[in-house]
Amino acid sequence: MCSQEGEGYRLLKEYANGFMVSQVLFAACELGVFELLAAAPEPLDSAAVSARLGASPRGTELLLDACVSLKLLQAGVRGGKAVYANTELASTYLVRGSPRSQRDMLMYTGRTTYVCWGHLAEAVREGRNQYLKAFGIPSEELFSAIYRSEGERLQFMRGLQDVWRLEGARVLAAFDLSPFRVICDLGGECPPRTLGLCLELCCGYHSGHSPRPPAGGSGALAKACVSLYPGCRVIVFDIPGVVQMARTHFSASEDERISFHEGDFFTDPLPEADLYILARVLHDWTDAKCSHLLERLYQACRTGGGILVIESLLDADGRGPLTTVLYSLNMLVQTEGRERTPAQYRALLAPAGFRDVRCRRAGGIYGAVLARK
Ligand SMILES: C[S@@+](CC[C@H](N)C(=O)[O-])C[C@H]1O[C@@H](n2cnc3c(N)ncnc32)[C@H](O)[C@@H]1O
C-alpha cells in the first residue's frame, strides 16, 4: 500500500514537472548550447558557455546542470572546475545540421505548440484550436493561422521534415510501392535546400554558434521515396504560398524525379498519379473534410492505383500509444482534426470507393494505410 502510494506520488510529480523538462530542452536549443559545445575543441566550463552565449552566469550554470541531469550533457572536471560536453544523444539529435537532427521540430514545438497547449483546458471546453488565444489569430482558414508569418511558415516546414529523415524510409517500406511509377505527395511541402539560409536572413530566426550547416531541411519524404523506389517520379503538391516559397529559394531541382505542383487539394484539379500519398494531412481535418478530399482523390486516381495514408495510428481502443494520444490532443489545440485508429481510417476510405484497405505499423511513431482503386 505504502509503496503504491509512493509510486503514485512519484508519477504525479513526474507528470506535473514534465513541462519543466521540455522547457530545459527548448531553452538549451534556443540558446545554441549544443552547437556551441559541438564546435568547441574541448569541453567548456560554465563561465565560457555563458560568455559565448551572452547569457547570465547564474542562469547558464543552472541550465547546464539541468541538462546533465537529463543526460543531454555530460560533466567532467578540469583544473578544479566543472566542464561540459554534449552526450551522444545531444550530438545526434540536437545539434543543428546533424543528419538526424530534430532541432527544428523542437524549436517549433517550443515556440508554437507549447503556447497553444497553455490553453488545453479551453480547447477541451470549446472543442477547437487555440490560435486566437495563443497568438491573437483567427483560424477559420486553418493554414492561414499555421502560416501566419514567413518565419512561422519556414519554421513549420523545416520542423516537419525532421521526423522523415529518421522514419521516412521505414514507413515507405511498410508496403512495396515499386509498382507505382507516378506518385503524388499531397500536402507534401517542398524540398528547398536554401530554406535554412532564408530562415536566418529573411526572418531573423537565429541561434547556434557553429558555422551554418547545409540547410536542405525539407522534402525528406519525397527524397526517401525516390531513393527507396528509384523508378518512381514524385509530384509534390501543396498550396501556392508553400510551393512559391520553394521556387523563390530553390533554383535547380535537387533531383529531377521530384517536381512541384501548386494548388488547393480541396478545390483544384489534382495531378494524375498511380499513387497518392497523404502524410500527416488527414489528421489536420474533420471527418467531413477528409471524406471530401478522399472522394476527390478517388475520382483523380487511375484504376488499379492507390492511396497511402501515413499517420500516427491510435490503438483500436483509441487509448494508446501515449505519444499518439497526445498528438491527438495536439490536433485539438492546433488544427481541426484528430489522430485516428486503423478502423477509423478504413471507415473514411471505404465510402470514398477505395477497397483492399490494409494497415501496417512501421515500428516508429508513424504507420501506413494502403488502399486501392
Ligand atoms: C501537417 S503538414 C504535413 C506535411 C508533410 N506531408 C509531412 O508529413 O511532413 C500539412 C500539409 O498540407 C498542406 N496543405 C494544407 N491545406 C492544403 C490544401 N488545401 N491544399 C494543398 N495542400 C494543403 C500544408 O501546406 C502542409 O504542407
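**Ligand shell and local features of the predicted model**

Two elements, α11 (150-172) and β5 (233-238), each contribute at least two residues to the shell around the ligand. The structure described here is a predicted model. Of the elements that take part, α11 gives the most to this shell, supplying 4 residues. The ligand is surrounded by 21 residues, and those that come nearest are Y147, G187, D238, F265 and A279. By residue class, the shell divides into 12 nonpolar, 4 polar and 5 charged residues.

Several short distances between polar atoms link the ligand to the protein. In the side chain of Y147, an N or O atom is 2.6 Å from an oxygen atom of the ligand. W164 also places a polar side-chain atom 3.0 Å from a ligand oxygen. The backbone is involved at A279, where a polar atom is 2.8 Å from a nitrogen atom of the ligand. On its own, the ligand has 590 Å² of accessible area, and the protein covers 96% of that area.

The helix α11 was examined further. A bend of about 60 degrees occurs in α11 at L166. Most of α11 is covered, with 18 of its 23 residues buried.

For the protein as a whole, the secondary structure consists of 17 helices and 10 strands. The protein has 373 residues, of which 49% count as buried. Contacts between residues at least 6 apart in sequence were also considered, and 71% of these join residues at least 24 apart. The exposed area of the protein is about 17,200 Å², and 56% of this area is supplied by carbon and sulfur atoms.

Next to the ligand-shell residue A279 in sequence is R280, which was considered for its backbone geometry. R280 is located in the loop between β7 (275-279) and α15 (287-300). Its phi is positive, at about 50 degrees, although R280 is not a glycine. R280 counts as buried because its relative accessible area is 11%, and buried means under 20%.

A positive phi is also found at K71, a residue other than glycine, where the value is near 65 degrees. K71 lies in the loop between α5 and β2 (73-78). With a relative accessible area of 60%, K71 is exposed, whereas R280 is buried.

The helix α5 also borders the loop that holds A55. This loop runs between α4 (46-53) and α5 (57-69). A55 has a relative accessibility of 22% and therefore counts as partly exposed, a class that lies between the limits of 20% for buried and 50% for exposed. When neighbours within four places in sequence are left aside, A55 is in contact with S50 and T60. The C-alpha atoms of A55 and L31 are 8.4 Å apart in space, while the two residues are separated by 24 residues in sequence.

A further group of features concerns α16 and the loops on either side of it. P321 is located in the loop between β8 (306-311) and α16. The peptide bond that joins G320 and P321 is cis, with omega at about -15 degrees. Within α16 (residues 322-334) lies T324. The relative accessible area of T324 is 2%, so this residue is buried. A polar contact of 2.9 Å connects the side chain of T324 with the side chain of S312. Apart from neighbours within four places in sequence, the residues in contact with T324 are S312, L313, L314 and E339.

On the other side of α16, T341 is found in the loop between α16 and α17 (342-352). T341 is buried as well, because its relative accessible area of 7% falls under the 20% limit. Residues up to four places away in sequence not being counted, T341 touches L314, D315, A316 and G318. L314 is thus among the residues in contact with T324 and is also touched by T341.

Terms used:
Residues numbered from 1 in each chain as written. Predicted model: local features only at pLDDT ≥ 70, side-chain atom pairs only at ≥ 80, totals over all residues. Heavy atoms only, no water. Buried < 20%, exposed > 50% of the residue type's maximum accessible area, 1.4 Å probe, protein only. Contact = heavy atoms within 4.5 Å. Near = heavy atom within 4 Å. Polar contact = N/O pair within 3.5 Å; in protein donor to acceptor, adjacent residues only side chain to side chain. Areas by Shrake-Rupley, 256 points an atom, 1.4 Å probe, with all protein chains shown as cover. Nonpolar A, V, L, I, M, F, W, Y, C, P; charged D, E, K, R; others polar. Bend = angle between axes of the 7 residues up to and from the residue.
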